[in-house]
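Reader: I should like to go through this structure with you, beginning with the metal site and then turning to the helices. Could you take my questions as they come?

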Amino acid sequence: MINIERLSRNIEELSKIGRTPNGGINRFSYFAEEKAANELVKQFMESAGMTVHYDSVGNLVGRLEGASDLPAILLGSHLDTVPDGGRFDGSLGVLSAIEVVHSLKENGIMLQHPVNVVAFKDEEGTRFGFGMIGSRAVAGSLTRKDLQRTDDEGISIEQAIADYGIPRRPLADSKLENIRLYLEVHIEQGKILENNGVSVGNVTGIAGPLWLKFRLKGQSEHAGATPMNQRQDALVGASLIIAEVEKTSKHFSSAVATVGKLSVKPNGVNVIPGEVEWTIDIRDIDEDIRDELERRIKQFAEKIANERHLKLEITELQRVKPIQCNEGLQNIIKESIEEIGQPVVSLPSGAGHDGMQFNGLFPIGMIFVRSKDGVSHNPGEFSSEEDIEIATKVLFKTMMKL
Ligand code: GLV
Ligand code: MN
Ligand code: MN
């Protein structure tokens, strides 16, 4: 039904683009490596029989016509990575979707529905602290104001798009109309499937990421000449707040919160840190719990800032609502898993995915693939060829049922 050798070859070839010395991958949006990845995947799409174009934000969009003009089935994922990321996060979803289309074409099967496969721009949010750029555009919710967000070098998304070589066009051009539903294959990035001894899983819902940027300003002074009781050390303040992020999060069983990026100014051995900036990523499948955790963290941060005479600024980078996967679609995915002879395991996703942007527009469904040791956002990310084959077959079967 599907050609696993071809799919594995494509995964291997794509994983060579942006390879780091650790064996991980750096592909950040609108940079050369990410562009090369898109160009390679464009060839895969063309070989699979799709017509392909780049939209106004640089999403790579492949299209296979159906037997009728019914609304299209949308498949996709992303090609960008986190710093030193793995080879499966995102890439697998794009390549397995292309493999399904290739197999349909090869076997002379024409679906009633047309199929769109999209490699969405910047799902991870690594470069601009703002993720799912491409899927926001496809959903029609990306604004010109969003494009003014900048990376660490001060380059805006708008500028990055221009530098990438995309002529300025209305953002509305990227909105995909007439979509029936969205399906995505992704690695689990957790241990539930592994602990259950199964290859694949049906996703019930996705936890919503809230990203905040904290900036604490104090006074940079001489590390030798300033007495301990006369300091406004921004890093000590930040450390107390960061420790509290972990402590408070543990009061909620399902919530998670992470400080993953931090910068210290002026960053000298013998200078008291005058300014610290860091991010906090807060998530829960229950929005109220997430927002309560946010409130507690902010309250504690204000207390520390007051006590230590530091100036606190908090900026919201992105706030994505948790979503539920469509019940009907979940049932079809579960049936497909059963027909392949696998036990059905349903699970929520802790990681964010492009499909979240389609909340309220059309139904979404996701198929998870077992991750070895649950490792992801790490060069050691691994899913076996056997599990990938099963997941791609589940996607194929699900499409046939539609
Ligand atoms: C992407 O992997 C995210 O969940 O942030
Ligand atoms: Mn991903
Ligand atoms: Mn990811």
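**Metal site and helix packing**

Author: Glu 124 is buried, with a relative accessible area of 9%. Please bear in mind that this is a predicted model.

Reader: Which ion does Glu 124 coordinate?

Author: Glu 124 coordinates the manganese ion (ligand 3) through OE, and it is listed twice as a donor. The other donors of this ion are Asp 89 (OD) and His 377 (NE2), and the distances run from 2.1 to 2.6 Å.

Reader: What spacing do those donors follow along the chain?

Author: For the manganese ion (ligand 3), the spacing is D-x34-E-x252-H. The pair Glu 124 and His 377 links distant parts of the chain, 253 residues apart. Glu 124 lies in the loop between strand E4 (115-120) and helix H4 (133-139), while His 377 lies in the loop between strand E14 (364-369) and H10.

Reader: Is His 377 buried, partly exposed or exposed?

Author: His 377 is partly exposed, because its relative accessible area is 42% and that class covers values between 20% and 50%.

Reader: How far apart are the manganese ion (ligand 2) and the manganese ion (ligand 3), and which residue coordinates both?

Author: The two ions are 3.5 Å apart, and Asp 89 coordinates both. Asp 89 is itself buried, with a relative accessible area of 5%.

Reader: What are the protein donors of the manganese ion (ligand 2)?

Author: They are His 78 (NE2), Asp 89 (OD) and His 186 (NE2), at 2.0 to 2.3 Å from the ion. Along the chain these donors of ligand 2 have the spacing H-x10-D-x96-H. Asp 89 is in the loop between strand E3 (72-78) and H3, and His 186 is in strand E5 (residues 179-187), so this pair ties together parts 97 residues apart in sequence.

Reader: And His 186, buried or exposed?

Author: His 186 counts as buried, at 1% relative accessibility.

Reader: Let us change topic to the helices. At what angle do H3 and H10 pack?

Author: Helix H3 (residues 91-106) and helix H10 (residues 385-401) pack at an angle of about 55°, and their axes are 10 Å apart. That angle makes H3 oblique to H10. The crossing of H3 past H10 is right-handed.

Reader: Which residues in H3 and H10 meet?

Author: From H3 there are Leu 92, Ser 96, Ala 97, Glu 99, Val 100, Ser 103 and Leu 104. They meet Ile 388, Thr 392, Leu 395, Phe 396, Met 399 and Met 400 in H10. By class, this contact of H3 with H10 has nine nonpolar, three polar and one charged residues.

Reader: Glu 99 interests me. What is its relative accessible area?

Author: Its value is 2%, so Glu 99 is buried.

Reader: Which residues is Glu 99 in contact with, leaving aside neighbours within four places in sequence?

Author: With those neighbours left aside, Glu 99 is in contact with Ile 2, Asn 3, Arg 6, Leu 7 and Thr 392.

Reader: Finally, how do the axes of H1 and H2 cross?

Author: The axes of helix H1 (residues 4-15) and helix H2 (residues 32-47) cross at roughly 160° and come within 10 Å. H1 is therefore roughly antiparallel to H2, and their crossing is right-handed.

Reader: What residues meet there?

Author: Asn 10, Glu 13 and Leu 14 in H1 meet Ala 37, Leu 40, Val 41 and Phe 44 in H2. The residues of this contact of H1 with H2 divide into five nonpolar, one polar and one charged.

Terms used:
Residues are numbered from 1 along each chain as its sequence is written. Chains are lettered from A and ligands numbered from 1 in the order in which they are written. This is a predicted model: local features need pLDDT of at least 70, side-chain atom pairs count only at pLDDT 80 or more; totals for chains, interfaces and linings use all residues. Side-chain values use heavy atoms; hydrogens and water are left out. Axes are lines fitted to C-alpha atoms, for helices over the stretch in contact, and angles run from 0 to 180 degrees between N-to-C directions. Helices (H or I, at least four residues) and strands (E, at least two) are DSSP runs, numbered from the N terminus. Angles under 35 degrees count as roughly parallel, over 145 as roughly antiparallel, 65 to 115 as roughly perpendicular and the rest as oblique. A crossing is left-handed if the near helix is turned anticlockwise from the far one by less than a right angle, and right-handed if clockwise. Contact means heavy atoms within 4.5 Å. Ala, Val, Leu, Ile, Met, Phe, Trp, Tyr, Cys and Pro count as nonpolar, Asp, Glu, Lys and Arg as charged, and the others, Gly among them, as polar. Donors are N, O and S atoms within 2.8 Å of the metal (3.2 Å for Na, K and Ca); water is not among the atoms, so sites may look incomplete. Buried means under 20% relative accessible area, exposed over 50%, partly exposed in between (1.4 Å probe, protein chains only).
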